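The following exercises are to be worked through with the structure in view. Each task is followed by a solution in steps.

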Amino acid sequence: MFKKVDVITMGLDKISNSPVVFLRIENTHLGIPIWIGACEATFLALAINEQETPRPLTHDLIISILENEGYSINRVEIHNMEENIYYANIILEKGGIETTIDSRPSDALILAVKKRVPIYIKDKIIIDNGIDLSFIPVENDEENQEEDKRNEFKKFLENFDIDTIKKHFFDEGKKDD
């Protein structure tokens with residue numbers, strides 16, 4: 001089974017100085033961190049912020065080729081993790097037939113954000129690698145609940161430091177002993 005991602009945002013791991021993408025699982029307080037390269041982070045940031053470039057970038061070219069051949073991007077699935085490497089598929093559709101393309105998660109995420117298609121993560125990955133973000137306070141009224149959640153999540157990611165999260169869980173574990 002897969003769960004849908006409802007928020008995708010980025011930050012910088014201050015320890016490794018590496019870009020990290022956080023995918024929050026819909027209707028939960030769980031997030032999946034995925035470290036990506038600086039170039040991919042730049043392209044993803046452009047896509048998240050809906051910024052246009054004067055000429056097509058590689059992902060724009062891929063979308064153009066797919067669409068010219070009659071394919072549409074249906075969804076992205078992050079389906080496996082081995083030796084700290086995530087694996088993703090881009091699910092294409094043409095004439096009612098789905099085709100699965102192996103992809104790096106960063107490229108799949110960029111395409112998903114650009115085309116505004118759903119992103120799904122396999123349950124096992126969430127169970128094994130999900131980080132509980134419920135300690136991030138969110139106070140809001142019902143009308144602005146989703147926007148407030150996104151803003152709080154973005155604030156959290158601006159100061160993201162994996163060691164802070166590990167310390168939180170380590171300290172929480174001590175309280176339970």
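**Exercise 1: A bridge between two helices**

Lys115 has a relative accessible area of 35%, so Lys115 is partly exposed. The model under study is a predicted one.

Task: Determine with which residue Lys115 forms a salt bridge, and which parts of the chain are thereby tied together.

Solution. Step 1: the partner of Lys115 is Glu67, and the closest N and O atoms are 2.6 Å apart. Step 2: Lys115 belongs to helix H3 and Glu67 to helix H2, so the pair ties together parts 48 residues apart in sequence. Step 3: Glu67, at 41% relative accessibility, is also to be classed as partly exposed.

**Exercise 2: A network of charges**

Task: Establish which residues are joined with Arg104 into one network by salt bridges that share partners.

Solution. Step 1: Arg104 meets the side chain of Glu40 in a salt bridge of 3.0 Å, N to O. Glu40 is in helix H1, while Arg104 is in the loop between strand S6 (97-103) and H3, 64 residues apart. Step 2: Arg104 also forms a salt bridge with Asp107, with 2.9 Å between the closest N and O atoms. Step 3: through shared partners, Glu40, Arg104 and Asp107 therefore form one network.

Task: Classify Glu40, Asp107 and Arg104 as buried or partly exposed.

Solution. Step 1: buried means under 20% relative accessible area. Step 2: Glu40, at 15%, is therefore buried, and Asp107, at 17%, is likewise buried. Step 3: Arg104 has a relative accessible area of 44% and is partly exposed.

Terms used:
Residues are numbered from 1 along each chain as its sequence is written. This is a predicted model: local features need pLDDT of at least 70, side-chain atom pairs count only at pLDDT 80 or more; totals for chains, interfaces and linings use all residues. Side-chain values use heavy atoms; hydrogens and water are left out. A salt bridge is a side-chain nitrogen of Lys or Arg within 4 Å of a carboxyl oxygen of Asp or Glu. Helices (H or I, at least four residues) and strands (E, at least two) are DSSP runs, numbered from the N terminus. Buried means under 20% relative accessible area, exposed over 50%, partly exposed in between (1.4 Å probe, protein chains only).
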